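Take a walk through this fold, from the overall confidence to single residue pairs. Keep the model open in a viewer as you read.

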Amino acid sequence: MARIIGGIGTSHVPTIGMAFDRKKRGDPDWTPLFEGYDAVASWLAERKPDVLVFFYNDHATSFFFDLYPTFAIGVSEEFAIADEGLGPRPIPRLKGHPRLARHLAESLVNAEFDLAVFQDLPLDHGCTSPLTMLWPHSPDWPGALVPIEINVVQYPLPTARRCYKLGQAVRRAVESYPEDLKVVVVGTGGLSHQMQGERAGFNNTEWDMRFLDLIEREPETLAAMRHVDFARLGGSEGVEVIMWLPMRGALSDGARKIHQSYYLPMTTAMAVALFEEPGAPSRAAAGAVKRAERAPA
């Protein structure tokens, strides 16, 4: 039987991938970002999951405003790296897991989630920006990825509670899959930021830290919030943190957060949090919660 062994919440701002590609680890402005991901990368290297179920949003790359699904799942053998205007990033194509993906699609439709199902569409920085920090990819990725797209771009958006319930349904679907697989669920987006309008450049570290606490201890509180509440507290683009809720919904009540990092060098608060299911057989990652830091862009 497949089982979920942990979860990751992460920002997906493109700057994360750019810092990686430009080898900024030794740059004092970017070292805290890399260090924040190191513990999660070590945990993944130790646990060796077979599949990441990856909740993300497409940034008008493969889907567009004339047809943007609320929820969609990719079932391909592999996924190309999207060209977002500067050419595809120099990383391998992502490996899919069609058997698990099709099982999830059928299970979620039976759970009354009306999914779009896609093949042969490239994945953009919503997936790839944090992924290169988390998984070694030379010469190839160590496992497979099942992408689940969530609309946080064009209103009406799915509610926070609907996203949370999606994660709960994904957990049931994974646990009903007969193959012995280790699965990690990943939720992406945010944290606080606003890229346009009168509040362009807005951040709210106090809200970010509260969100990071609630996603562990009181996800139901987040699930009950309205989009306008997320936007008011975290900026208009900060509403995309609802994509952390399916990750949390896919974890058991006993899952605990064993690592958290938060860094605010420019317009978007960058965070990563690692959750582990109970009964894990090896050491915890670094458990200290790193406080907000600011550095010049």
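What follows covers confidence, then the sheet, then the helices.

This is a predicted model. Confidence comes before geometry. The mean pLDDT of the protein chain is 90, and 94% of its residues reach 70 or more. One stretch stands apart. Over residues 283-297 pLDDT stays under 50. The model still gives that stretch 40 contacts beyond four places in sequence. Where pLDDT is low, the predicted coordinates should not be read in detail.

Now the sheet. It is open and has 8 strands. Read across, the order is 6-3-7-2-8-1-10-9, and the pairing is mixed. Strand 6 (116-118) and strand 9 (256-263) form the edges. Each has a single partner strand, so one side of each lacks a neighbour in the sheet. From one strand to the next, the twist averages 20°.

Start at the edge formed by strand 9. Its pairing with strand 10 (residues 270-276) is antiparallel and consists of 7 bridges. Within this pair, His259 faces Leu274 of strand 10.

Move inward to strand 2 (51-56). In the strand order, strand 2 sits between strands 7 and 8. Strand 2 and strand 7 (144-150) are parallel, with 6 bridges between them. Here Phe54 has Pro147 of strand 7 as its bridge partner. On the other flank, strand 2 runs parallel to strand 8 (182-188), and 5 bridges join the two. There Val53 is the bridge partner of Val185 in strand 8.

How many residues of strand 2 are buried? The count is 6 of 6. In a regular strand the side chains alternate between the two faces of the sheet. Strand 2 is covered on both of its faces. Val51, Val53 and Phe55 are buried on one side. Leu52, Phe54 and Tyr56 are buried on the other.

Next, look at what lies across the strands. Helix 3 (residues 98-110) lies across five of them: strand 2, strand 3 (71-74), strand 6, strand 7 and strand 8. Helix 3 runs at about 155° to strand 3.

Helix 3 also meets helix 5 (residues 160-175). Their axes come within 9 Å and cross at roughly 125°. The two helices are therefore oblique to each other. The crossing is right-handed. From helix 3, the contact involves His103, Leu104, Ser107 and Leu108. From helix 5, it involves Leu166, Ala169, Val170, Ala173 and Val174.

A second helix pair lies earlier in the sequence. The axes of helix 1 (residues 14-21) and helix 2 (residues 31-47) come within 11 Å. They cross at roughly 95°. That makes helix 1 roughly perpendicular to helix 2. Ile16, Ala19 and Phe20 are the helix 1 residues in this contact. Leu33, Phe34 and Tyr37 are their counterparts in helix 2.

End with one residue of helix 1, Thr15. Is Thr15 buried or exposed? Its relative accessibility is 16%, so it counts as buried; the cut-off for buried is under 20%. Beyond its neighbours within four places in sequence, Thr15 is in contact with Trp30, Met266 and Met270. Of these, Met270 falls within strand 10 (residues 270-276), the partner of edge strand 9.

Technical notes. Residues numbered from 1 in each chain as written. Predicted model: local features only at pLDDT ≥ 70, side-chain atom pairs only at ≥ 80, totals over all residues. Heavy atoms only, no water. Pairing = 2+ DSSP bridges. Helix = DSSP H or I, 4+ residues; strand = E, 2+ residues; numbered from the N terminus. Axes fitted to C-alpha atoms, helices over the stretch in contact; angles between N-to-C directions. Contact = heavy atoms within 4.5 Å. pLDDT = per-residue confidence, 0-100. Buried < 20%, exposed > 50% of the residue type's maximum accessible area, 1.4 Å probe, protein only. Parallel < 35°, antiparallel > 145°, perpendicular 65-115°, else oblique. Left-handed = near helix turned anticlockwise from the far one by under 90°.
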